[in-house]
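Let's take a guided walk through a protein model together. Keep the picture open and follow along as we go.

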Amino acid sequence: MGISYGAQVIVDHLGGKVEKNTGGESKEETLTVDTMSTLFAGQTDKQNVWVSHSADIAELPEGFTASAKDSTGNIAAISNDEQQIYAIQFHPEDYRSENG
């Protein structure tokens with residue numbers, strides 16, 4: 001399980017692509033999540049979370065799917081059920097994140 005920078009490390013290490021973004025700020029973001037994914041099973045399809053990162057997942061590694069996207073369509077969570085590898089680009093530990 002990778003969180004924030006950990007998600008970026010997983011993507012880069014496994015052959016995906018991470019690109020620097022122009023934002024880089026910390027903010028609340030609304031995600032649309034795949035409630036059929038292992039990572040978000042039983043949760044609502046819209047969630048407010050706290051983000052703080054300066055890079056985006058631009059290309060998924062082979063075998064991964066996007067489990068959540070932010071309001072602008074950027075990938076916010078990825079899953080590979082076969083390898084049991086999951087990663088998120090937000091901070092569930094922050095009190096401003098729902099379901100964290």
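The paragraphs below start from one strand, move to its partners, and then turn to the cores and salt bridges.

Keep in mind that this is a predicted model. A good place to begin is strand β7, which covers residues 75-80. Six of its six residues are buried, so the strand counts as mostly covered, where buried means under 20% relative accessible area.

Now look at what lies beside it. Strand β6, residues 65-69, pairs with β7 in the antiparallel sense, and four bridges join the two. You can find one meeting point by locating K69, which stands opposite I75 in β7. Together β6 and β7 make a hairpin with five residues between them. In that turn, G73 has a positive phi of about 95 degrees.

β7 also pairs with strand β8, residues 85-88, again in the antiparallel sense over four bridges. Here S79 stands opposite Y86 in β8. This hairpin has four residues between its strands, and Q84 takes a positive phi near 55 degrees.

As you trace these strands, a general idea helps: in a regular strand, side chains alternate between the two faces of the sheet.

Which residues make up the largest nonpolar core? Twelve residues do: L31, V33, L39, F40, V49, V51, A68, A76, A77, Y86, I88 and F90. At least two residues of this core come from each of β3 (26-33), β4 (46-52), β7 and β8. Another core, of nine residues, lies apart from it, and among its members are I10, I57, F64 and I78. Such groupings fit a broader tendency: in soluble globular proteins, nonpolar side chains tend to be buried together.

To see the larger core from the viewpoint of one member, pick out A68. Leaving aside neighbours within four places in sequence, A68 is in contact with L31, T32, V33, F40, N74, I75, A76 and A77.

Finally, let's turn to charged side chains. How many salt bridges are there? The count comes to two. In one, E19 is joined to K17, with the closest N and O atoms 3.4 Å apart. E19 has 38% relative accessibility and counts as partly exposed, and K17, at 40%, counts as partly exposed too.

The other links E29 with K27, and there the closest N and O atoms are 3.7 Å apart. Is E29 buried or exposed? At 7% relative accessibility, E29 counts as buried, because buried means under 20%. K27 has 33% relative accessibility, so K27 counts as partly exposed.

Methods. Residues numbered from 1 in each chain as written. Predicted model: local features only at pLDDT ≥ 70, side-chain atom pairs only at ≥ 80, totals over all residues. Heavy atoms only, no water. Buried < 20%, exposed > 50% of the residue type's maximum accessible area, 1.4 Å probe, protein only. Pairing = 2+ DSSP bridges. Core = buried A, V, L, I, M, F, W, Y, C linked by side-chain atoms within 4.5 Å. Contact = heavy atoms within 4.5 Å. Salt bridge = Lys/Arg side-chain N within 4 Å of Asp/Glu carboxyl O.
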